[in-house]
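Reader: Hi! Could you walk me through the charged pairs in this one?
Author: Happy to, here it is.

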Amino acid sequence: MIHTGICDLFGIQYPIFQGGMAWISDAELASAVSNGGGLGIISAMNADAEYLRNQIAKCREMTDKPFGVNVMLMSPFVKEVAQVVAEEKVPVVTTGAGLPTPYMPAWLEAGVKVVPVVPSTAIAKRVERSGAAAVIAEGGESGGHIGDLTTMVLTPQVVDAVKIPVIAAGGIADGRGVAAAFMLGAQGVQCGTCFLVANECTVHQNYKNKILGARDIDTMVTGKRLGHPVRAIKNPFEREFLKKEYDSNVSDEELEKFGVGALRKAAKEGDMERGTILAGQISGMIHSERPAAQIISTMFEEAEQVLNGAGKWVK
Ligand code: TUI
């Protein structure tokens, strides 16, 4: 059975985190992942303190296992949700889309383990100095907000740059991906897209069907002009966004405004034309809806086979 330092550090059976996906990673999904032996994570997204407090309470009702909260650092409510994380003494906080250093002293003081997503070695070193327990090296294969580097090149460079454990993310959804992450020096993985199709995931069924039907080349990146590139499934909304991005008559403010509310539209209303369907490049390899616990156990059984030179993929 695969067991790494990540399992001991976070008190989990399998070294896998579930990515904090805005409008998707709620208490329902997080508790299912934690009950399945991984670390389930609630997304604080752009919501306020009250939403997060309710989600934490709900998660605690549904699991007695460790879980985490993801703080999206561009959120307008970042200060108040950061405070909730400390007050509620959430076991683990992951961060995305920025530098979490201003919030780290309060989290560490409260005994919260801090695990930032890092897009580069410089940021990995910086958060290590500030007391991060581990880092997530997230490559641009991921869905949502992404950095420049791929998982293949980012992971080993971050592993060499820091002493704390590294969790690889981006493009991982089966045993081969987990085994590859270990080969690059990671001690764990974070997966988002594969949990979108978990039975317990409350995202709209249209969204799940888009992932299940996607091919390898069905995602695209928009938002580079605004300084925050985002990967999503190609659809009329993304194509129009890209067109506006290249149109010098469209101001940055107009472009920002065009994107507001688009994720909620896709995730909650199931609007596949006018909504943004954030998803990673691995979508093309995800073909079935299963319980979260089964997604995890299968992934690690397969990884073990790959690492032992056996299994269906070893030719
Ligand atoms: O955060 C994510 N994925 C996300 S956040 C999100 S909500 C959003 N929507 C529209 C625009 C922007 C955000 C949707 N998906 N993943 C973790 C992640 N963090 N990827 C990249 C980074 C990152 C980038 C820069 C982390 C730190 C960083 O620091 C640079 C700096 O100096 O701020």
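Author: What follows is a short chat about salt bridges and how exposed their partners are. This is a predicted model, where local features need pLDDT of at least 70, side-chain atom pairs count only at pLDDT 80 or more, and totals for chains, interfaces and linings use all residues. Residues are numbered from 1 along each chain as its sequence is written, and side-chain values use heavy atoms, leaving out hydrogens and water.

Reader: How many salt bridges does the structure hold?
Author: There are ten, each being a side-chain nitrogen of Lys or Arg within 4 Å of a carboxyl oxygen of Asp or Glu.

Reader: What does lysine 58 pair with?
Author: Its partner is glutamate 28, at 3.9 Å from N to O. This pair links distant parts of the chain, 30 residues apart: lysine 58 sits in helix α3 (residues 49-62) and glutamate 28 in helix α2 (residues 27-35). Helices here are DSSP runs of H or I, at least four residues, numbered from the N terminus.

Reader: Is glutamate 28 buried or exposed?
Author: In between: glutamate 28 is partly exposed at 32% relative accessibility, and lysine 58 is partly exposed at 37%. Buried means under 20% relative accessible area, exposed over 50%, and partly exposed in between, with a 1.4 Å probe and protein chains only.

Reader: New topic: which residue meets arginine 215?
Author: Aspartate 218, with 2.9 Å from N to O. Aspartate 218 is buried, at 13% relative accessibility.

Reader: And what about glutamate 269?
Author: Glutamate 269 bridges to arginine 264, the closest N and O atoms lying 2.5 Å apart. Elsewhere, shared partners join Arg53, Arg60, Glu87 and Glu88 into one salt-bridge network.

Conventions: Helices (H or I, at least four residues) and strands (E, at least two) are DSSP runs, numbered from the N terminus.
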